[in-house]
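I am opening a fresh notebook page and jotting down what I look up, in the order I look it up. Come along if this structure is new to you too.

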Amino acid sequence: REGLQKTPTRVGEAMQFLTQGYQQNAEEILRAALFEEDYRQMVVVKDIPFYSLCEHHMLPFFGKYVFAYKPNPKGKIIGLSKIARIINFLAAKLELQENLASEIIQSIEIALKDEQYPPLGMAIYLKGRHLCKEMRGVHQRGEMVTIKVTGCFEEPQQKNEFLQTIKNIDNEL
């Protein structure tokens, strides 16, 4: 059929686009958006969508995330759009949701390692639907949640404050 003639080319181009995260660097993205600011409270980026491909089946998984960090009072704040950009490019690879949460935190830590006063802690909550589970396998819809915390967010009070901020996330993806 006419509609299938260019399908192999379109699939190749789509895979290049969907896996463009292999070509990008978190440090370059973050270095362009660090600002001197004496801010001492938790910074939260909430209900932002992410899209990725399961590394086992190459089928999409997608959802929303909440990212939080606590700036060091002597340090810098991170430009809000840069957090979303880093998460988008890290998700643009063959991934597992369980690894994605850790990779996001690690990439930001590595990018900020040379800063004199890095953030006091970071936390991320990912909630995703996996089409490898819905379209094949058990054929059931459901959501997977992964959480990763570091630094001050490992302390019960700070972790609870973070969990309270994500309590009202929409149930619909």
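These are my entries, going from the whole chain to its details.

**Entry: the overall picture.** I began by noting that this is a predicted model. I then looked up the secondary structure and found six helices and seven strands. Reading along the sequence, I wrote down the pattern α-α-β-β-β-β-α-β-α-β-α-β-α. For the dimensions, I noted that the C-alpha trace spans about 65 × 35 × 20 Å along its principal axes. The protein has 173 residues, and 42% of them are buried. I also checked contacts between residues at least 6 apart in sequence: 72% of these join residues at least 24 apart.

**Entry: strand β6.** How many residues of β6 are buried? I looked at residues 121–130, which form this strand, and found 10 of 10 buried. Next I sorted them by the way they point. G121, A123, Y125, K127 and R129 point one way, while M122, I124, L126, G128 and H130 point the other way. Both sets are buried, K127 and R129 included.

**Entry: the neighbours of β6.** Which strands pair with β6? One is β3, residues 60–70, which pairs with β6 in the antiparallel sense over 10 bridges. As an example of that pairing, I noted that F62 has R129 of β6 as its bridge partner. Another is β7, residues 143–151, and here the pairing with β6 is antiparallel over nine bridges. My example on this side is Y125, whose bridge partner in β7 is I147.

**Entry: the nonpolar cores.** I turned to the largest nonpolar core, which holds 31 residues. Those touching the most other members are F67, I78, I86, L100, I108 and I124. Which elements give two or more residues to this core? My list reads α2 (26–31), β2, β3, α3, α4 (97–111) and β6. The largest share comes from α3, with seven residues. I picked I86 for a closer look and set aside its neighbours within four places in sequence; what remains in contact with I86 is A26, I29, L30 and I108. Apart from this core lies another one of 10 residues, among them M42, V66, Y125 and C152. I had already met Y125 in β6, in the set that points the same way as R129.

**Entry: the largest pocket.** I noted a volume of about 260 Å³ for the largest pocket. Which residues lie nearest its centre? Of the 16 lining residues, these are F17, Q20, Y51, N88 and A92. The elements α1 (7–18), β2 (43–54) and α3 (80–91) each supply at least two residues of the lining. With five residues, β2 gives the most. Sorting the lining by kind, I got 11 nonpolar residues, four polar and one charged.

**Entry: the cavity.** Last, I looked for cavities. A search of the whole structure gave me one of 30 Å³ or more. The largest cavity holds about 40 Å³ of space. What lines it? I wrote down L34, K76, I78, L112, E115, Y117, P118 and P119. By kind, this lining has six nonpolar residues, no polar ones and two charged ones. I recognised I78 here, since I had listed I78 among the core residues that touch the most other members.

Definitions and conventions: Residues are numbered from 1 along each chain as its sequence is written. This is a predicted model: local features need pLDDT of at least 70, side-chain atom pairs count only at pLDDT 80 or more; totals for chains, interfaces and linings use all residues. Side-chain values use heavy atoms; hydrogens and water are left out. On a 1 Å grid over the protein atoms alone, a cavity is a set of points where a 1.4 Å probe fits but cannot get out, and a pocket is an open set with protein on both sides within 12 Å along at least five of seven lines; lining residues have an atom within 4 Å of a point. Grid points are joined across faces, edges and corners, and a volume is the space filled by probe spheres set on the points. Helices (H or I, at least four residues) and strands (E, at least two) are DSSP runs, numbered from the N terminus. Ala, Val, Leu, Ile, Met, Phe, Trp, Tyr, Cys and Pro count as nonpolar, Asp, Glu, Lys and Arg as charged, and the others, Gly among them, as polar. Buried means under 20% relative accessible area, exposed over 50%, partly exposed in between (1.4 Å probe, protein chains only). Two strands pair if DSSP finds at least two bridges between them. A nonpolar core is a set of buried Ala, Val, Leu, Ile, Met, Phe, Trp, Tyr and Cys residues joined through side-chain atoms within 4.5 Å. Contact means heavy atoms within 4.5 Å.
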